Amino acid sequence: MADAMSYKLNLSDLERDGDVSITQQLVDRFAAAIDAGELERGSKLPPTRELAAEAGVNHLTAARVYRKLAELGYVTAQVGRGTFVRTLAPAGSASHGDDWQVYALPPDDTSYSEQVLADTFSLANREGVISLATGWPAPSTYPTQELARIAADVFEEIGGEALSYLPAEGLFDLREQIAARGRMYGYAEDADELVITSGAQQAIALSARATLEPGDVAVIESPTFIGMMTAMRGTGARVIGVPVDEHGMDVDALERLLARHEVKLVGLQSACQNPTGSSISDERRARLAELAVERNFFIIEDRVYADMHFDGKLVRPVRELAPAHVLYVNSLSKVVGGGLRTGWVAARGPVRDRIAMLKLEADFHSPTLIQHMAARWLATGAYDRHVAGTIPFYRERRDALLAALERHLPGEYHADPPEGGHHVWVTLTRPLDERALYAEAARGGVMFTPGGAVTAERRSQTSLRLSFSLLDPDQLDEGVRRLARAIREVRRRARHSVAAPMS
Ligand SMILES: Cc1ncc(COP(=O)(O)O)c(C=O)c1O
C-alpha cells in the first residue's frame, strides 16, 4: 500500500486570510486528492504533528482536519496506528474473486502463536508430512468398540432424549461421575462445582474470560501450551511468563512478580506439563496455594496430561489446597480422544456461576449424546484401566523419540526426558533462526512446534516442542532425521550469508 508520507499535498497556496477557514481548505484538498486517486486508498496520512508543521497550523487544527475527513467518510483512524485513507471494497467481480471481503473484515490480527496452532490442525494429516507438532492421542488406542456399544445403548434406552437440550453446565450424570473421581483425587467435591465444556480449551477460555478484563495482569508458565497463552491474551490482559523447570512452575519467580504487579490470574499445568513434561513439587504446590489465598488471585490448573504419568505417579492437584481460588480444568481429550470435545472446569462460588453463564452465551451447552456416552463410559470404571493400558504405548514412543534425537543430533541439543504427556522440549546448544527453521523443515516434510510460539517472551535460545504420541517409532526416526537435515541447512545458510562479501 502506498504511504502518504511519500505523497506531498501542495500546501503552499493556502489562503490564510480568505473567507474559507484553513481547516476547511485542508479538508477540501485532502478530499480532492483522495477523489482524484492521488492519495491511494489504504495509504497512511502524515501524523497530525507533521501536518501541523507543514501547513503552519496548530496541532488541534490538524486533528480537526482529520476528524472532519473521518466524518465525511474519507479516512478512518486506527488507535495506535494512525489515520488511513478509507479503503473501499472493490465491487464483487470475477477478477477480484472474494477479495472484497478483505476490505469488509476487521484487520487480521492473527498472532504467530495462533498461526502455529492453526498449522498444527491443518497439516497434521497431510500426505508426506511428518508432524512432530501434533500431540494428539493415537487413534489406535481409542476405545471405539466400547463407545459404539454405549452409543447404541443410549439410543435404545433413552431415545430422543439423547438429542435434547441440556442446562449450560451439562448432564447431571456426567457431572456426578466426574465429581466421584474429583472426590477421590482432590479436585472437586460435588457435581454442582462442575461445568461441562467443549474440551479443556473452552474451559480455559471461559475461565480466563470470567476472571480477566483488558489491562489486567495474568501469569503463565513459559513455555506453556499455546491455547493457554492465546486464551489469556484474548481477554486483553497483559500476559507475563514465569519459568518452569523440572519441579514445575518456578513459584519463587512468581512471588517476585507478585511484588511488582497486581496479578489477577495464574495459569499452570501442575502435572506432566506441555511442553516440558515436568510436574510441580509438593513444596511449590503448597506455596502456590498459600499465595493464591493470601493475595487473592485465581489459578487455572490445567490437568489434561496429569494422568499420563509414565511411572504412574499421582501428582495431587493445587485445587485440593485452595478450592475457592483454583479453577480446575480437564478433559477426556488426551486420555480417550480429542474429537469427543468433552472437558470440564471445577470451580465454586460466583466464578463458577459466571463460567456457566459464559458457557450458555458461547454455545448453550456441549453435545448431549456425547455427554451421555461419556457418563456411561466413566460409570463402567474403564477410565483407569484404559489409561494404564496406554502408558506403555506412549512410553515406548517417548523413548523412540529420545533415541532418534541421540542418533541424528548428538551433542547438538539438550532435552530432559518428560515424566509424562506427549511432548519433549528440546533446546539446541547453539541458537538459530527459528522461523527459518520452521520454513525449511516444512519444505523438508516435517513439522514441529517452534519455542517462540509457546514462550511469553523472546528468548535467545532456540527451543522446539516435539510431540511423539501420534507417530510410530519409524516415523519418529524419519521425522527427526528430516529435522536434523533442516537444522544443518539453516546453519549452512546462516554461515554463508555472514561470509558473503559486502559490496
Ligand atoms: C496442555 C493442554 N491443555 C489443554 C488442551 C486442550 O485440550 P482439549 O482438546 O480438551 O480442548 C491441550 C491440547 O492440546 C493441551 O495440550
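In this predicted model, the buried residues of helix α5 pack against two elements, α9 (226–233) and β15 (449–450). Those buried residues are S113, V116, L117 and T120. Seen down the axis of α5, they fall within an arc of 100°, so they line one face of the helix. The face turned away from this buried side looks quite unlike it in exposure: Q115, A118 and S122 are exposed there. Helix α5 itself runs over residues 112–123, 12 residues in total. From its first C-alpha to its last it reaches 16 Å, close to the 16 Å expected at 1.5 Å a residue.

A wider view helps to place these elements. The protein is divided into three parts: domain 1 (4–95), domain 2 (112–136 + 388–492) and domain 3 (142–380). Domain 2 is thus written as two stretches of the chain, 112–136 and 388–492. Between domain 1 and domain 2, the C-alpha centres lie 50 Å apart.

Attention can now turn to the ligand. Its surroundings are made up of 14 residues, and the closest are G199, A200, Q201, S331 and S333. Among the contributors to this shell, helix α8 (residues 199–211) gives the most, with 3 residues. Sorted by class, the shell holds 10 polar residues, together with 3 nonpolar and 1 charged.

How values were computed:
Residues are numbered from 1 along each chain as its sequence is written. This is a predicted model: local features need pLDDT of at least 70, side-chain atom pairs count only at pLDDT 80 or more; totals for chains, interfaces and linings use all residues. Helices (H or I, at least four residues) and strands (E, at least two) are DSSP runs, numbered from the N terminus. The expected span of a helix is 1.5 Å times one less than its number of residues. A residue is buried if 20 or more other C-beta atoms lie within 10 Å of its own, exposed if 12 or fewer, and partly exposed in between; C-beta atoms are placed from the backbone. The arc is that of the directions from the helix axis to the C-beta atoms. Two residues are in contact if their C-beta atoms, placed from the backbone, lie within 7 Å. Domain bounds come from an automatic or database domain assignment. A residue is near a molecule or strand if its C-beta atom, placed from the backbone, lies within 6 Å of it. Ala, Val, Leu, Ile, Met, Phe, Trp, Tyr, Cys and Pro count as nonpolar, Asp, Glu, Lys and Arg as charged, and the others, Gly among them, as polar.
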